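This report looks at the cysteine pairs of one protein chain and at the strands around some of them. Please keep the sequence and the model open while reading.

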Amino acid sequence: MVSATASATPRRVRGNVLGSLLRRVLLPLGIAAGGALVLWLLFSLSGTGTASAATPAPASQVAPGGVVRTKTSENKNDKSSGKTKSQATAKTKPAATKPTTSGGTSTPPKGKGKPAAKPTPADKAKCTAQGGASEHCKVSWVPGKKGKDGHLKFDVTGNKYKLNTGFGDTITGSGRARGSATKKALSPATTCAPQCRIKTRNGDVGVVRNGTLRLGSRATADGQAQGACAGSGCQFNTRDGDRIIGRGKADEIRLRTRGTHGYGGGFACDAGSCDARIAGGRSLVVRGGRGDLTFPTRKGAPGVGSCQVTEANGFCGTSGVGKREFVRCDTAGCGITHAFRTKNGTPRTDGLHAGAVCTPAPGKCSGPAKRFARLGSLTEQQIRLLDRTYRPGKTPASGKHRDLATLRYLGARAEERRFGKAYDKLSAAQQAIINAARGGLTEREAVALAPKLNKLLAKAPDLAKWMNTRWLLDSVNLAGANPKVSARDLRSAVDRNVIKALVPGYDGNRAPTARQLAAANKAQRALLDKYWRTNNAIAKVNPAIERVNRRIDAYRKQVAAARKSGGVITSAEAKKLNKESAGIDRAQRRIDKRLKPLNATLAGVERKLRGLDPVYATADGKKALAAMLRSDNAGINDLERVARASVNWKSGQRAKIGELARQLLSLAKLNYGATRDGSFGPATRLDLPSSGRYDRVLATMNATETEA
């Protein structure tokens with residue numbers, strides 16, 4: 001967890017934010033300044049030079065030149081004369097007396113009898129079957145009710161039948177085919193058996209030699225179609241170039257096509273044997289097991305292959321692009337989850353670490369692709385945080401869910417290391433601000449310093465993205481189970497330097513007594529309790545922040561509408577906008593007033609907890625980690641002093657230097673958390689106090705009981 005800054009003001013931060021829980025971290029980190037700057041830039045276009053960053057532009061500044069132009073007359077709607085031309089209906093040529101082969105309703109010849117029947121879409125359907133269409137082709141049009149569209153209903157039997165729905169769908173085969181179709185789609189419940197082929201209007205094809213096939217067209221909201229096949233000779237080919245073939249006598253395969261934009265969907269081999277290959281070259285092979293192959297979910301996320309062997313002599317394998325991207329699993333019980341590597345080797349954009357988690361027991365894994373071990377003892381809450389496909393409560397977390405959680409965790413760690421390398425290049429900028437702020441910063445010094453800082457900070461890591469990553473890692477860490485305290489942990493808990501840091505007046509030349517151990521335990525527990533109480537109090541401000549954000553969004557829409565109309569608004573509308581602008585400003589000041597003391601309290605508690613971290617790291621024998629933590633903590637403390645001093649820098653380049661200092665402070669705290677948790681190197685077995693976990697309290701409590 002990271003601390004809040006006293007200057008935090010509510011601003012919406014765009015990005016990949018994980019709901020309201022993330023805003024709980026964004027606010028304390030001081031992102032408000034960045035949000036305020038964006039808001040100021042948006043409203044400065046209206047012509048004002050006096051609107052504050054926290055306040056939307058008043059209505060008087062909406063019109064060009066800063067002058068409100070009131071409406072003098074309303075444009076009347078022109079009334080068009082004449083009738084609306086209805087769409088012409090093509091005349092249907094009367095059907096011949098020869099029997100139709102369509103299976104639909106034929107049109108009787110003209111005469112003195114009943115009038116000709118109105119053509120229906122069923123008349124466009126064509127059906128042929130060996131033995132006569134009239135006996136085997138049952139095709140009819142079912143009108144819609146209450147304004148809904150009707151549908152074509154069909155039930156075809158016999159040998160060598162062929163049905164064209166008239167909408168571009170074709171079904172051929174022997175046996176039986178039934179289902180329905182509309183102008184928009186072939187029903188996903190359309191089935192045929194035992195030997196048949198379905199080709200949809202979208203170009204997707206399903207085939208079965210001896211079994212049951214089900215396939216519909218792409219007409220859902222996401223543009224995807226679904227299909228399933230059970231039996232022998234099952235096969236699906238999509239218009240996108242994806243293909244799956246059943247190789248056994250009793251296979252079960254499923255398909256979900258890609259969506260409108262070419263992403264999503266995948267193949268599944270639920271039983272038997274199959275070969276699957278997606279456009280782009282990535283593939284899955286299953287012999288005596290089950291598996292699935294997901295299509296790319298976005299640009300830079302080239303799908304995932306997963307399989308598990310269920311038969312004693314079975315095997316399965318996944319292959320990415322390249323010679324060294326293959327993994328194979330042999331013998332029942334062996335499983336693979338393979339996040340495919342991008343073509344150019346860049347990090348995947350879905351957060352998964354490229355590579356395979358292979359769980360051999362009791363089989364074996366082989367292949368040149370990079371392999372990782374599955375994280376052990378993951379709780380359900382941790383899996384839910386890491387694997388976005390897991391839905392708790394419906395099914396227990398499978399091996400695949402645990403593998404995906406592992407790859408997501410490894411991906412977050414790798415991403416944080418990349419952020420850390422970028423942050424290391426900012427040490428010169430950080431030291432320049434700290435040195436300039438000593439003894440006060442004049443405007444002339446700020447003017448000279450600003451260009452250099454801007455150049456350095458242009459290469460800074462993305463603050464919002466790093467915050468997302470650190471929030472995920474912190475959340476996963478906090479959701480973990482309580483650790484088992486080892487004998488080494490007990491020795492660290494009674495370390496004399498640790499007790500000296502927690503108990504005032506303790507003489508480090510003597511071994512701590514049971515009473516002193518209890519006092520140390522009470523002191524660090526009190527710090528952690530205060531840390532969480534303050535965080536919870538800050539979280540209670542979130543609803544007020546969300547309400548203000550909604551008001552700001554509504555105000556922006558009103559201003560945009562006024563600009564679109566050329567800035568012409570009535571005096572009443574201008575008054576209403578000015579009133580709302582002032583109301584938003586008052587609401588933000590109230591939020592600032594509530595947050596200021598809470599942020600100050602949290603910063604003080606975090607400062608004390610960070611001071612304990614290197615003491616515990618030294619007691620654990622992690623001297624290199626302790627040195628890094630002391631150095632990082634010193635930089636944070638210096639930047640906090642600059643941030644407090646910058647409150648009085650209200651204008652000119654000094655104000656901009658203050659913004660840069662607060663940005664660097666947020667990055668420094670993120671970097672400290674990454675160092676503490678081992679993203680850059682060594683880590684302790686038990687979590688350190690500033691993580692927010694009670695691991696050290698538990699160890700000290702056990703040591704106290706042992707001493708007693």
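Of the 708 residues of the protein chain, what percentage count as buried? The share is 46%. The model is a predicted one.

**The chain overall**

The protein chain holds 16 helices and 22 strands. Its accessible surface is about 36400 Å². Carbon and sulfur atoms account for 52% of that surface. Among contacts with a separation of 6 or more, 58% are between residues 24 or more positions apart.

**Disulfides**

How many disulfides does a search of the whole structure find? The search finds six. Number the bonded cysteines in sequence order, and the pairing reads 1-2, 3-4, 5-6, 7-8, 9-10, 11-12. Three of the disulfides are set out below.

| Pair | S to S distance | Torsion about the S-S bond |
|---|---|---|
| Cys127 and Cys137 | 1.9 Å | about -70 degrees |
| Cys307 and Cys316 | 2.2 Å | about 70 degrees |
| Cys358 and Cys365 | 1.7 Å | about -90 degrees |

**Cys127 and Cys137**

Start with the disulfide between Cys127 and Cys137. The pair links distant parts of the chain. Cys127 sits in strand β1, residues 126-128. Cys137 belongs to strand β2, residues 137-142. The two cysteines are 10 residues apart.

Why is this disulfide left-handed? The torsion about the S-S bond of Cys127 and Cys137 is about -70 degrees, so the bond takes the left-handed form.

Are the two cysteines buried or exposed? A residue is buried when its relative accessible area is under 20%. Cys127 has a relative accessible area of 1%, so it is buried. Cys137 has 5%, so it is buried too.

**Cys307 and Cys316**

Cys307 and Cys316 form a disulfide with sulfur atoms 2.2 Å apart. Which hand does it have? The S-S torsion of Cys307 and Cys316 is about 70 degrees, so this disulfide is right-handed. Cys307 shows 4% relative accessibility and therefore counts as buried. Cys316 has a relative accessible area of 0%, so it is buried.

**Cys358 and Cys365**

A disulfide also joins Cys358 to Cys365. The torsion about their S-S bond is about -90 degrees, so the disulfide is left-handed. Both Cys358 and Cys365 are buried.

**Two further cysteines**

Cys269 and Cys274 deserve a look as well. Cys269 has a relative accessible area of 1%, so it is buried. Cys274 has 0% relative accessibility, so it also counts as buried.

**Strands β12, β15 and β16**

Now turn to the strand pairing. Strand β12 covers residues 266-271, and strand β15 covers residues 289-294. How many bridges join β12 to β15? Four bridges join them, and the two strands run antiparallel. One of the residue partnerships is Gly266 with Thr294 in β15.

Strand β15 also pairs with strand β16, residues 304-309. This pairing is antiparallel and runs over six bridges. Which residue of β16 is the bridge partner of Leu293? The partner is Gly305. Strand β15 thus has β12 as a partner and β16 as another.

**In brief**

The chain has 46% of its residues buried. Six disulfides are found. The Cys127 and Cys137 disulfide is left-handed, the Cys307 and Cys316 disulfide is right-handed, and the Cys358 and Cys365 disulfide is left-handed.

Definitions and conventions:
Residues are numbered from 1 along each chain as its sequence is written. This is a predicted model: local features need pLDDT of at least 70, side-chain atom pairs count only at pLDDT 80 or more; totals for chains, interfaces and linings use all residues. Side-chain values use heavy atoms; hydrogens and water are left out. A disulfide is a pair of cysteine sulfur atoms within 2.5 Å. Buried means under 20% relative accessible area, exposed over 50%, partly exposed in between (1.4 Å probe, protein chains only). Contact means heavy atoms within 4.5 Å. Accessible areas come from the Shrake-Rupley method with a 1.4 Å probe; for residues, only the protein chains shown count as cover. Two strands pair if DSSP finds at least two bridges between them.
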